[in-house]
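Colleague: I have a model open here and would like to talk through where its ligands sit. Could you take me through it slowly?

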Amino acid sequence: MMKPELFTKDTTAIIYGYQQNAIQRMLDFDYVCGRKIPSVAVIVDPGREGWHKAFFGKAEILIPIAPDLKTAAAKFPGTDVMINFASFRSSYSSTMEALETKTINTITVIAEGVPERRARQIAARAKELGKMIIGPATVGGIKAGCFKIANTAGTIDNIVESKLHRPGSIGFVSKSGGLSNECYNIIARNSDGLYEGIAIGGDSYPGSTLLEHILRYEAIKEVKMIAVLGEIGGTEELKIVEHLKKGLIKKPLVIWVTGTCAKMFSGGVQFGHAGAKANSDIETADAKNKALREAGAVVPDSFDDYGDKIKKTYEALVRKGVIKPAAEVIPPTVPMDYAQAVKEGKIRKPTSFINTISNDKKEELEYCNVPISKVLESEMGIGGVIGLLWFRRELPPYARKFLETAVMLTADHGPAVSGAHNAIVASRAGKDIISCLASGLLTIGPRFGGAIDGAAQNFKRAEEAGLTPAQFMREMKAKNVPIPGIGHKVKSLTNPDMRVELLKKFVRKNFKITPTLDYALAVEQLTTQKKGNLILNVDGCIGVCFVDLLKSCGQFSQKEIDDIIALGMLNALFVLGRTIGIFGHVFDQKRMKQPLYRVPYDEIAYMTELK
Ligand code: ACO
Ligand code: LMR
């Protein structure tokens, strides 16, 4: 036989179906009730194992996820409640499985639309086993201060406002979950609050009836009065009338049958719940309210004074000393979830990053406020994209073309240079393409590919300072610093670097002014007098032309130009271009399946005796 009490402060539940919000609401209820252990023991997410992280007050806890009910029940034999979130299609089988699970005594079936035949089978089996079914088509119920089924009673604020964080003296049952939440509040405002409230669900064949819960409350000594909300349709309330007449319900019963407005509609009216339609006169709300009143229940004249009847009944019990009003308890505050607090504008958090170049949060990706579709339609090319993402502006066509030219000219310079060589060796060592690229790029520095910024800085400074080329050379020599952008291992006056020639030609044709290039070429005149390979190399040419570009396009202040150079953007151009060539060499080696490379001895001078 089902014991009257379904829940205690130590009740734990199996949650069938991964309902994260419902789980968190249960845990938050536990916290405001001062429970020591969470009411959710385990989650069944069919076919899946793992852990669910949730808040228990301020702390985070892990709740196990089991792949099936059998595993969950075996792992938590002390858990005797299951809240079944399965859909109407699978709630029958999962509920029947739960009924056959010895350790489970109370099952709430949340799903709406469970076929009536299935609902009746579930109810019948539960009766045979002496187990409790709440639902189908319910939000569940709540035992104040002890245990809450899923989303019953809504938010924590409502729960505390309805005094549900500690037990009162009234047992409540209704069909409707929504009206139940309303009634919890009415009860809280007109008494010392709810002891327990159950919504049996609005289907025609609920797993448990209004009367069964009334009789449970009759048997629980802490319940001093009972409140019920009935509904038009069916004869459940007439059974309550019979029990009242037989004296089987001794505690004061305040009850209202909703649906009295149906009489205003000719031909009857079907209310929300499946069973909410009077098929005969005795099933009307008026008839049932009248019969209940005559049987001794406290029946208000309308739902409007339902709360008042509760109040008067409650106060009478207090006067008689039957009820010692429950003491008020100040619950702990459940911290607001971060996302909710941000949404409500209750907290603010400094951002950790600032981004000014692109926006992927809009419907269409934007580069510096230019929608990607416009980037393509405008045919701004990779030079234009560099302008937007590096310089945060739309550059004029010749500037875009210069950038693209620099990228194309620096893409590769054969397998012998440092970057290509390292990448080739890494590739032949079997490394992945990213590692090969990295090994090649890591050779870029003051002597190879990384002299663009230095060339721009030094030649711009010297030119703007009015140093003669000879003075500039002496100054750098005195600092023992090779002039960045001057010199090449294989290119020279007699073997000019065509890339440099092409770049100079482009610049002469497109740039309004080229003071820095002219200055660098004057320096080259002197350096090549010393050695033919001390030419303006491709790093140097890109660097000085870039300075002239920034000066000539009129979009950059002097300070912005200095900042751009100081930022290292110019060397980035070489890296961007050379990445193309390095990948080319890596793919080339992998395509040819080249073996591990080992430097031949005749490439190495062994001079271990060197002191
Ligand atoms: N400025 C002034 N003098 C120089 C420079 C320079 N940039 N480069 C070489 N010299 C001098 C040396 O001081 C040396 O003089 P010394 O004989 O009186 O001692 C002489 O020229 C030979 O020097 P080396 O370093 O042996 O010449 P090397 O041909 O090996 O150097 C290199 C080539 C590494 C590019 C060198 O010129 C240099 O470091 N340049 C500056 C960095 C630079 O621009 N690198 C980019 C190269 S292009 C690219 O990587 C895409
Ligand atoms: C390059 O672009 O890699 C070269 O200028 C350097 C070199 O040694 O050829």
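Colleague: How do the residues of the shell around ligand 2 divide into nonpolar, polar and charged?

Modeller: The shell around ligand 2 has 2 nonpolar, 2 polar and 2 charged residues, where Ala, Val, Leu, Ile, Met, Phe, Trp, Tyr, Cys and Pro count as nonpolar, Asp, Glu, Lys and Arg as charged, and the others, Gly among them, as polar. Before we go on, note that this is a predicted model, in which local features need pLDDT of at least 70 and side-chain atom pairs count only at pLDDT 80 or more, while totals for chains, interfaces and linings use all residues. Residues are numbered from 1 along each chain as its sequence is written, chains are lettered from A and ligands numbered from 1 in the order in which they are written, and side-chain values use heavy atoms, with hydrogens and water left out.

Colleague: Okay, and which residues surround ligand 2?

Modeller: They are His413, Val417, Phe448, His488, Arg499 and Arg578, and a residue is near a molecule if one of its heavy atoms lies within 4 Å of it.

Colleague: Which of their side chains have a polar atom 2.7 Å from an oxygen atom of the ligand?

Modeller: His488 places a polar side-chain atom 2.7 Å from an oxygen atom of ligand 2, and the same distance is found for Arg499 and for Arg578; a polar contact is a pair of N or O atoms within 3.5 Å. On its own ligand 2 has 260 Å² of accessible area, of which the protein covers 85%, as computed by the Shrake-Rupley method with a 1.4 Å probe.

Colleague: Switching to ligand 1, how many residues surround it?

Modeller: Ligand 1 is surrounded by 21 residues, and the closest are Arg447, Gly485, Lys489, Asn533 and Asn537. By class, that shell has 10 nonpolar, 6 polar and 5 charged residues.

Colleague: What about its oxygen atoms, how far off are the polar atoms of Lys489, Lys530 and Asn537?

Modeller: A polar side-chain atom of Lys489 lies 2.8 Å from an oxygen atom of ligand 1, for Lys530 the distance is 3.0 Å, and for Asn537 it is 2.8 Å. Taken alone, ligand 1 exposes 900 Å², and the protein buries 69% of that.

Colleague: And which pocket does ligand 1 take up?

Modeller: The space taken by ligand 1 is the largest pocket, and the space taken by ligand 2 is the largest pocket as well. A pocket is found on a 1 Å grid over the protein atoms alone, as an open set of points where a 1.4 Å probe fits, with protein on both sides within 12 Å along at least five of seven lines, and its lining residues have an atom within 4 Å of a point. A molecule sits in a pocket if more than half of its atoms lie within 2 Å of its grid points.

Colleague: What lines that pocket?

Modeller: The lining has 36 residues, and Arg447, Ile486, Gly487, His488 and Asn537 lie nearest the centre of the pocket. Helices H18 (469–478), H20 (515–530), H21 (538–552) and H23 (569–591) are the elements that give two or more residues to this lining, with the largest share, 3 residues, coming from H18.

Colleague: How much space lies in the second largest pocket?

Modeller: About 850 Å³ lies there, and among its 29 lining residues Asp28, Val334, Pro335, Met336 and Asp337 are the closest to the centre.

Key
A polar contact is a pair of N or O atoms within 3.5 Å; within protein, one must be able to donate a hydrogen and the other to accept it, and residues adjacent in sequence count only if both atoms are side-chain atoms. Helices (H or I, at least four residues) and strands (E, at least two) are DSSP runs, numbered from the N terminus. Grid points are joined across faces, edges and corners, and a volume is the space filled by probe spheres set on the points.
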